[in-house]
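Student: I've got a protein model open and I'd like to practise reading it. Can we go through it together, one question at a time?

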Amino acid sequence: MRIPLFALILAFAPLPGAAQSLANQLFGGHPMPSLQQPEAIGSYAKGCAAGLVRLPETGPTWQAMRLSRNRNWGHPDAIAYVQDLSRKAVQIGWRGLYIGDISQPRGGPMTSGHASHQIGLDIDIWMLPPSRLNLSVAERESLSSISVRTEDQRSINSNWTARHHEVMKQAALDPRVDRIFVAAAVKLEMCRTATRGDTAWLQKIRPAVGHNYHFHVRLKCPRGDRHCITQTPTVAELSNGGNGCDDTLQWWVTDFLNPPRRERTEPAAPRSRHPREFTMSDLPAQCQQVLASN
């Protein structure tokens, strides 16, 4: 029996978005990375990653936390960065670093939590200074980090120390770093003691919602990763060439916490889709090969 051409077209046409498999379920289902050359693909909140490597669960100056999530995978640049920064943390006076989420084994949208962390270049580092680096797997699931911000979000609390400041300064000084997200209160405190010589690294410290239990390091696209999309605007553009301790920072404790009343005639902004709603058609085409690779 001859099958009509239109039926063949329908059979192999992409399904409507709602009927397609969600990308976060496809990427979240892979326990191991792709056997490809390491590459960050797409943007931090819409992409995937090939050939990621695992941060060892325990090292001489770090421990990976929440191992049940299987998110201690990253681009080789990210894994090297974590190890380098953890050694600097020891020099500063901490025992090392507790490392939160980096990425899933093949990156991509996550099954829960983050909108970003999709290309193996985002790293969450706990605000809790390690008390020891021999935590059991169970302890790493139950232990919580500490908040360094007051409940009203306007200032740091007594958990914040000069060593937190120095660890983040060293984190930002690394040329591999694009920007670091912190609670606005943390940025405000760092600005309080800023000098002119701090501009180059302090402009990388960016206020963001939350981020009082950890700071979020975002690395630049690695050289040669031609499908990696650099974030814009740059931190220099966001801070007008300064350190970011300007009126744009004050917004976080004015309009953000006490938003001005909106006129009823002003239309509400359309809701943007969360990455957990993405299908494969939303991601770069190269992500198909990342999923298909052994």
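Student: Which cysteine does the disulfide join to cysteine 191?

Tutor: Keep in mind that this is a predicted model. Two sulfur atoms count as a disulfide when they lie within 2.5 Å. Here the S to S distance is 1.9 Å, and the partner of cysteine 191 is cysteine 245.

Student: How many residues apart are cysteine 191 and cysteine 245?

Tutor: Find where each one sits. Cysteine 191 is in helix α6 (residues 184–192), while cysteine 245 is in the loop between α8 (235–238) and α9 (247–250). The pair links distant parts of the chain, and the separation is 54 residues.

Student: Is cysteine 245 buried or partly exposed?

Tutor: Buried means under 20% relative accessible area, and exposed means over 50%. Cysteine 191 has 16%, so it counts as buried. Cysteine 245 has 29%, so the word for it is partly exposed.

Student: How many disulfides does a search of the whole structure find?

Tutor: Besides the one joining cysteine 191 to cysteine 245, cysteine 48 and cysteine 287 form a disulfide. Another joins cysteine 221 to cysteine 228, with S to S at 2.1 Å. Searching the whole structure gives a total of three.

Student: Why is the disulfide of cysteine 48 and cysteine 287 left-handed or right-handed, whichever applies?

Tutor: Look at the torsion about the S-S bond of cysteine 48 and cysteine 287. That torsion is about -100°, so the disulfide is left-handed.

Student: What is the pairing if I number the bonded cysteines in sequence order?

Tutor: Start with cysteine 48 in strand β2 (residues 46–50) and cysteine 287 in helix α10 (residues 286–292), which are 239 residues apart. Then put in cysteine 191 with cysteine 245, and cysteine 221 with cysteine 228. In sequence order, the pairing reads 1-6, 2-5, 3-4.

Student: On to the nonpolar side chains. Which helix gives the most to the largest nonpolar core?

Tutor: In soluble globular proteins, nonpolar side chains tend to be buried together. The largest core here has 48 residues, and Ile99, Ile123, Ile180, Phe215 and Val217 have the most contacts inside it. With seven residues, the helix giving the most to this core is α3 (residues 76–92).

Student: How many residues are in the other core, the one with Phe278?

Tutor: That core lies apart from the largest one. Its members include Ala50, Phe278, Met280 and Leu283, and its size is eleven residues.

Student: What kind of pair do the rings of tryptophan 251 and tryptophan 252 make?

Tutor: Planes over 60 degrees apart count as edge-to-face. These two rings have their centres 5.1 Å apart and their planes at 90°, so the pair is edge-to-face.

Student: And which residues do ring pairs link into a cluster?

Tutor: Tryptophan 251 also pairs with phenylalanine 256, where the planes are at 45° and so the pair is tilted. Add the pair of tryptophan 251 and tryptophan 252. The cluster is Trp251, Trp252 and Phe256.

Student: Last one: which side chain makes a polar contact with the side chain of asparagine 212?

Tutor: Asparagine 212 is in the loop between β10 (205–207) and β11 (214–219), and its relative accessible area of 9% makes it buried. Leaving aside neighbours within four places in sequence, its contacts include Met127, Ser147 and Ala183. At 2.9 Å, the polar partner is the side chain of serine 147.

Notes:
Residues numbered from 1 in each chain as written. Predicted model: local features only at pLDDT ≥ 70, side-chain atom pairs only at ≥ 80, totals over all residues. Heavy atoms only, no water. Helix = DSSP H or I, 4+ residues; strand = E, 2+ residues; numbered from the N terminus. Buried < 20%, exposed > 50% of the residue type's maximum accessible area, 1.4 Å probe, protein only. Polar contact = N/O pair within 3.5 Å; in protein donor to acceptor, adjacent residues only side chain to side chain. Contact = heavy atoms within 4.5 Å. Phe/Tyr/Trp six-rings, centres within 6.5 Å; stacked < 30°, edge-to-face > 60°. Core = buried A, V, L, I, M, F, W, Y, C linked by side-chain atoms within 4.5 Å.
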